[in-house]
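Visitor: I would like to be walked through the surroundings of the ligand and a few backbone features, one question at a time.

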Amino acid sequence: MMDRYAVIGNPVAHSKSPWIHAEFARATGQRMSYLRIEAPLKGFARTVDAFRASGGRGANVTLPFKREAFAYCASTSVRAGAARAVNTLRLDRDSPWGDNTDGAGLLRDLEANLGVAPRGRRVLLMGAGGAAQGVLEPLAKAGAAAIVVVNRDIAKAQALVARVAGDPGVARLGACGYADLAGESFDMVINATSSGLSDELPPLPAGLFAPQALAYDMMYGRDTPFLAFARDAGVRTADGSGMLVEQAAESFFLWRGVRPATRAVLAALRVG
Ligand code: NDP
């Protein structure tokens, strides 16, 4: 039987991960299959248990289960521990082990694919869910001058910032609600909310983008109100396809010990 992997989320029908991992497997000669599994909103652990019992060797976890995946794991990597969110499960050991490749994927996309390193920049991170949890610490350690986390539920943004602030070598961090953004401007605005899924635009003020800013939406595969807002403001935009491919490559490496090339997969994904 081929080694089995899956992406587990809800909703998950839109996920490009099965295609990406099939391309990686083909390019590196790995024999494996990769499924899409929609877990009931109250049935994440049950779903992973069943997949593991059926021989599943690893899984990616997507929204809204990254924090539950962290709780599910008996042990995790340091970066998943810092994020308290897991997007990559290894199920081929005695007990489930988790990692978080979102931060590495985002940084590689920004730095290697887009040529826009966070170093020295003022960054606004929108959202305080699983995705924001995964990327805040890596961004803060990548030399950003300052990072503000904005969320509808301000307490969640404050809790996230409190966990990362104070570590040696991290950026100046702040947390706020959308109404507090008036009069602020940023060199990099990263949308880590799921607002694009419901075609909504968080209430962002005019003047949010500094000249030469990058607007980055982690959502991929569709135009979002956030990207349209940024285009109207005349700034450079990028969707989350690059992050998706780079975090997938990192997961693939964890499972198979082989690092796939990403350029051709990303080019095909952008065209398709
Ligand atoms: P979660 O469900 O964990 O968190 C959702 C976040 O979005 C919360 O902070 C929530 O705010 C906020 N939110 C939802 N709707 C709105 C809205 N209308 N206006 C403002 N804020 C809103 O999801 P994840 O963090 O796991 O995922 C977030 C997004 O990132 C998804 O679109 C996902 O597809 C994408 N993603 C992309 C990746 C990639 O590789 N490209 C990797 C990871 C994620 P509140 O707390 O106030 O409710």
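Guide: Before we start, a helix here is a DSSP run of H or I with at least four residues, and a strand is a run of E with at least two, both numbered from the N terminus. The model is a predicted one.

Visitor: Which element gives the largest share of the shell around the ligand?
Guide: The elements that contribute two or more residues to the shell are α3 (66-72), α6 (130-141) and α9 (241-256). The largest share is three residues, and the element that supplies it is α9.

Visitor: How many nonpolar residues does the shell around the ligand have?
Guide: The ligand has 27 residues around it, with Ala131, Asn151, Lys156, Glu200 and Met218 coming nearest. Sorted by class, the shell holds nine polar and seven charged residues, while the nonpolar ones number eleven.

Visitor: From which domains does the shell around the ligand draw at least three residues each?
Guide: The space that the ligand takes is the largest pocket. At least three shell residues come from each of two domains, namely domain 1 (3-100 + 243-271) and domain 2 (103-239).

Visitor: What share of the ligand's exposed area does the protein bury?
Guide: Backbone polar atoms approach the ligand at several places: one of Ala128 is 2.9 Å from a ligand oxygen, and one of Gly129 is 3.4 Å from a ligand oxygen. In addition, a nitrogen atom of the ligand lies 2.8 Å from a backbone N or O atom of Met218. Taken alone the ligand exposes 930 Å², and the share of this that the protein buries is 89%.

Visitor: Where does Pro64, which follows a cis peptide bond, lie?
Guide: Most peptide bonds are trans. The bond from Leu63 to Pro64 is cis, with omega near 5°, and another cis bond joins Asn10 and Pro11, where omega is about 5°. Pro11 is placed in the loop between β1 (3-9) and α1 (17-28), whereas Pro64 lies in the loop between β3 (56-61) and α3.

Visitor: What is the phi of Arg84?
Guide: Most residues other than glycine have a negative phi. Arg84, which lies in the loop between α4 (78-83) and β5 (88-90), is a residue other than glycine with a positive phi, and its value is near 50°.

Notes
Residues numbered from 1 in each chain as written. Predicted model: local features only at pLDDT ≥ 70, side-chain atom pairs only at ≥ 80, totals over all residues. Heavy atoms only, no water. Near = heavy atom within 4 Å. Polar contact = N/O pair within 3.5 Å; in protein donor to acceptor, adjacent residues only side chain to side chain. Areas by Shrake-Rupley, 256 points an atom, 1.4 Å probe, with all protein chains shown as cover. 1 Å grid on protein atoms, 1.4 Å probe; cavity = no way out; pocket = protein on both sides within 12 Å on 5 of 7 lines; lining within 4 Å. Sits in = over half its atoms within 2 Å of the grid points. Nonpolar A, V, L, I, M, F, W, Y, C, P; charged D, E, K, R; others polar. Domains from an automatic or database assignment.
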